[in-house]
Amino acid sequence: MSIRTLLATSTLATVASALVLSGCASSQHADDHSHGDHGPITKAEVQAAQQAWGQGIVDISRVYAETGDAKARATEHINSMYAYNDTIVLFKPTLAADDQFRGSFDEALSYFIGREGTEDTGFGIQGWTNVRFENEGIYCGEDLAMAMGNYFFTGPDGNDTKVEYSFGYVRGGDGNLKIMLQHSSVPYGSWK
């Protein structure tokens, strides 16, 4: 079946599964998405990964506020949550216009903690106190899971910022779910 036919007749999850299985995702790294002894990806694993991702963002903000050095926590967050060491990562952050896509660890780190001379002001160091996911749906397959919905970032003033997301997960070499696709955007007309 051609990619054109898949796009015309399939869901995003089916297309992503077909691309991973066809080897399209292996353009940067050797892929081994076998689930081994871990079994198929479950909804509970996706929800746990979402919780861990949100806590990582809160931790980066907390560490930055307490010590000013959020780089180590952001590095740990990226290494534990993203599949940069396992496969291609398709990452489109919410607040990225000039460097829209973050296909490398260094680009992700810049987004989360900021880098002088770029558009990156440090999304992860904005003082977030909570991240809450509301899933529109979760697809789970043998080697790929996808989720779409809204997540809400609670700022230091207690107000929530609503962001739309799509996440794709694969099982990493360590057996844990890793993000291989993340697209975040603000609802139409809502960003100030």
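Colleague: I'm new here, so let's start small: with which residue does Arg73 form a salt bridge?

Modeller: Welcome! Keep in mind that this is a predicted model. For a salt bridge, a side-chain nitrogen of Lys or Arg must lie within 4 Å of a carboxyl oxygen of Asp or Glu. The closest N and O atoms of this pair are 3.9 Å apart, and the partner of Arg73 is Glu76.

Colleague: How many residues apart are Arg73 and Glu76 in helix H4?

Modeller: Helix H4 covers residues 71–81, and both residues belong to it. They are separated by about one helical turn, because their spacing along the helix is three residues.

Colleague: Is Arg73 buried or exposed?

Modeller: Its partner Glu76 is partly exposed, with a relative accessible area of 47%. Arg73 has a relative accessible area of 16%. Buried means under 20%, so that cut-off decides the matter. Arg73 therefore counts as buried.

Colleague: Moving to helix H3, which residue forms a salt bridge with Glu66?

Modeller: Both partners lie in H3, residues 43–67, four residues apart, or about one turn of the helix. Glu66 is exposed at 55% relative accessible area, whereas its partner is partly exposed at 39%. With closest N and O atoms 3.3 Å apart, the residue bound to Glu66 is Arg62.

Colleague: Which residue is linked with Arg62, Glu66, Arg73 and Glu76 in a network of salt bridges?

Modeller: Two of the pairs have already come up here: Glu66 with Arg62, and Arg73 with Glu76. The network of salt bridges also takes in one further residue, Asp59.

Colleague: How far apart are the closest N and O atoms in the salt bridge of Asp120 with Arg102?

Modeller: This salt bridge joins Asp120 to Arg102. The pair links distant parts of the chain, 18 residues apart: Asp120 sits in the loop between helix H5 (105–113) and strand E2 (130–140), and Arg102 in the loop between strand E1 (90–92) and H5. Both Asp120 and Arg102 are buried. Their closest N and O atoms lie at a distance of 2.8 Å.

Colleague: Now for the rings: what is the angle between the planes of Phe91 and Tyr111?

Modeller: The structure has 22 aromatic pairs. Phe91 and Tyr111 make an edge-to-face pair, 6.1 Å centre to centre, with 85° between the planes. This pair links distant parts of the chain, 20 residues apart, with Phe91 in strand E1 and Tyr111 in helix H5. Phe91 is buried at 2% relative accessibility and Tyr111 is buried at 4%, while the angle asked for is 85°.

Colleague: Is the aromatic pair of Tyr151 and Tyr165 stacked, tilted or edge-to-face?

Modeller: The ring centres are 4.8 Å apart, with 50° between the planes. Tyr151 lies in strand E3 (residues 144–154) and Tyr165 in strand E4 (residues 160–171), so the pair ties together parts 14 residues apart in sequence. Both tyrosines, Tyr151 and Tyr165, are buried. Planes under 30 degrees apart count as stacked and over 60 as edge-to-face, so this pair is tilted.

Colleague: In the strands, which residue of E4 stands opposite Tyr151?

Modeller: E3 and E4 pair in the antiparallel sense over 11 bridges. In their hairpin, with five residues between the strands, Gly158 takes a positive phi near 90°. Opposite Tyr151 in E4 stands Val163.

Colleague: And in E5, which residue is the bridge partner of Tyr169?

Modeller: E4 and strand E5 (residues 177–185) pair in the antiparallel sense over eight bridges. They form a hairpin with five residues between them, where Gly175 in the turn has a positive phi of about 90°. In E5, the bridge partner of Tyr169 is Ile179.

Terms used. Residues are numbered from 1 along each chain as its sequence is written. This is a predicted model: local features need pLDDT of at least 70, side-chain atom pairs count only at pLDDT 80 or more; totals for chains, interfaces and linings use all residues. Side-chain values use heavy atoms; hydrogens and water are left out. Helices (H or I, at least four residues) and strands (E, at least two) are DSSP runs, numbered from the N terminus. Buried means under 20% relative accessible area, exposed over 50%, partly exposed in between (1.4 Å probe, protein chains only). Rings of Phe, Tyr and Trp (its six-membered ring) pair if their centres lie within 6.5 Å; planes under 30 degrees apart count as stacked, over 60 as edge-to-face and the rest as tilted. Two strands pair if DSSP finds at least two bridges between them.
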